[in-house]
Amino acid sequence: MGTHNRLSGMGPDAYLEVIAIDPDGTAPDRPRWFDLDRRAGPSRLSNWIIRTDDIDAAIRHIPVPVDVLSLSRGNFRWRMAVPHDGILPFDGCFPALIQWDSVPPTFPESGLRMTALTLRHPEADALSAALAPLIAEPRITVSPGPARLTANVDTPEGPRTLA
């Protein structure tokens with residue numbers, strides 16, 4: 001996808017990934033994931049991913065056409081559902097889907113823990129309905145409002161909010 005990234009563990013079941021276009025990378029022959037081709041402005045929390053054990057079944061719940069891409073880096077292999085236009089539904093409030101075909105990465109203890117992810121969207125009811133077959137996670141809530149993701153994170157220096 002012509003991107004580069006940095007990852008930080010946030011407990012046993014979550015990680016934070018900072019991703020950007022790699023200025024020295026080769027541009028793909030399709031729109032980049034996470035709407036990166038249209039991204040401008042300061043860094044912000046803009047997308048999220050959920051893991052599935054059956055991506056072929058899970059993609060039936062994505063409300064836009066996707067391609068399932070097979071990817072690898074080193075010993076890691078995974079498949080990811082990427083919308084044809086690179087833009088995740090509900091202004092990025094709907095997650096990308098990933099299925100690990102190898103053991104997923106582990107991270108050194110960082111002291112970070114995601115305690116909540118709030119998905120705000122003007123079509124909150126439709127977003128909730130679209131998410132229902134994919135997740136049942138009490139840390140994730142959907143509320144009406146302008147499209148925005150907010151994560152609450154416990155850190156060694158106290159609670160922080162990422163937006």
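Here are some numbered notes on a predicted model, covering its strands, two buried polar residues, a pocket and a cavity.

1. **The four-stranded sheet.** Let's start with the sheet whose strand order is S3-S6-S5-S4. This sheet is open, and its pairing is mixed. Strand S3 (49-51) and strand S4 (66-73) form the edges, each pairing on one side only. From one strand to the next, the twist averages 30 degrees.

2. **How S6 is held on each side.** Strands of a sheet can pair in a parallel or an antiparallel way, through backbone hydrogen bonds. Strand S6 (residues 96-100) and strand S5 (residues 76-83) run antiparallel and are joined by four bridges. Two residue pairs are handy for finding this on screen: Trp78 has Trp100 as its bridge partner in S6, and Ala81 has Leu97. S3, by contrast, runs parallel to S6, with three bridges between them. On that side, Ile49 is bridged to Ala96 of S6.

3. **S6 from both faces.** How many of the residues of S6 are buried? Five of its five residues are, and the strand is mostly covered. In a regular strand the side chains alternate between the two faces of the sheet. For S6, one side carries Ala96, Ile98 and Trp100, while Leu97 and Gln99 are on the other. Residues on both of these sides are buried, so do look at S6 from each face when you turn the model.

4. **The cavity.** Rolling a probe the size of a water molecule over the atoms shows where empty space is left. Across the whole structure, a search turns up one cavity of 30 Å³ or more. The volume of the largest cavity is about 30 Å³. Its lining is made of Trp33, Phe34, Met80, Ala81, Val82, Pro83, Leu88 and Ala96. Which strand gives the most to that lining? It is S5, with four residues. Two names from point 2 come back here, since Ala81 and Ala96 are both among the lining residues.

5. **The second largest pocket.** This pocket holds about 420 Å³ of space. It is lined by 21 residues, and those closest to its centre are Asn5, Glu17, Trp33, Arg73 and Trp78. Strand S1 (3-9), strand S2 (15-21), S4, S5 and S6 each give two or more residues to the lining. S1 provides the largest share, four residues. Trp33 is worth a second look: it is listed near the centre of this pocket's lining, and it also lines the largest cavity.

6. **Asn5 in the pocket lining.** Asn5 belongs to strand S1. Is Asn5 buried or exposed? It counts as buried because its relative accessibility is 16%, below the 20% cut-off. The side chain of Asn5 makes a polar contact of 2.6 Å with the side chain of Glu17, and another of 3.3 Å with the side chain of Arg73. Apart from neighbours within four places in sequence, the residues in contact with Asn5 are Glu17, Val18, Ile19 and Arg73. Both polar partners, Glu17 and Arg73, are also listed with Asn5 among the residues closest to the centre of the second largest pocket.

7. **S7 and its two partners.** Strand S7 (residues 113-121) is joined to S9 by seven bridges, and these two strands run antiparallel. Within that pairing, Ala116 has Asn152 of S9 as its bridge partner. S7 also pairs with strand S8 (residues 140-144), this time in the parallel sense and over five bridges. Here you can use Leu117, whose bridge partner in S8 is Ile140.

8. **Thr155.** Thr155 is part of strand S9 (residues 148-155). With a relative accessible area of 16%, Thr155 is buried, because that value lies under 20%. A polar atom of its side chain is 2.5 Å from the backbone oxygen of Gly158. Leaving out residues up to four places away in sequence, Thr155 touches Gly111, Leu112 and Arg160.

Terms used. Residues are numbered from 1 along each chain as its sequence is written. This is a predicted model: local features need pLDDT of at least 70, side-chain atom pairs count only at pLDDT 80 or more; totals for chains, interfaces and linings use all residues. Side-chain values use heavy atoms; hydrogens and water are left out. Two strands pair if DSSP finds at least two bridges between them. Axes are lines fitted to C-alpha atoms, for helices over the stretch in contact, and angles run from 0 to 180 degrees between N-to-C directions. Buried means under 20% relative accessible area, exposed over 50%, partly exposed in between (1.4 Å probe, protein chains only). A polar contact is a pair of N or O atoms within 3.5 Å; within protein, one must be able to donate a hydrogen and the other to accept it, and residues adjacent in sequence count only if both atoms are side-chain atoms. Contact means heavy atoms within 4.5 Å. On a 1 Å grid over the protein atoms alone, a cavity is a set of points where a 1.4 Å probe fits but cannot get out, and a pocket is an open set with protein on both sides within 12 Å along at least five of seven lines; lining residues have an atom within 4 Å of a point. Grid points are joined across faces, edges and corners, and a volume is the space filled by probe spheres set on the points.
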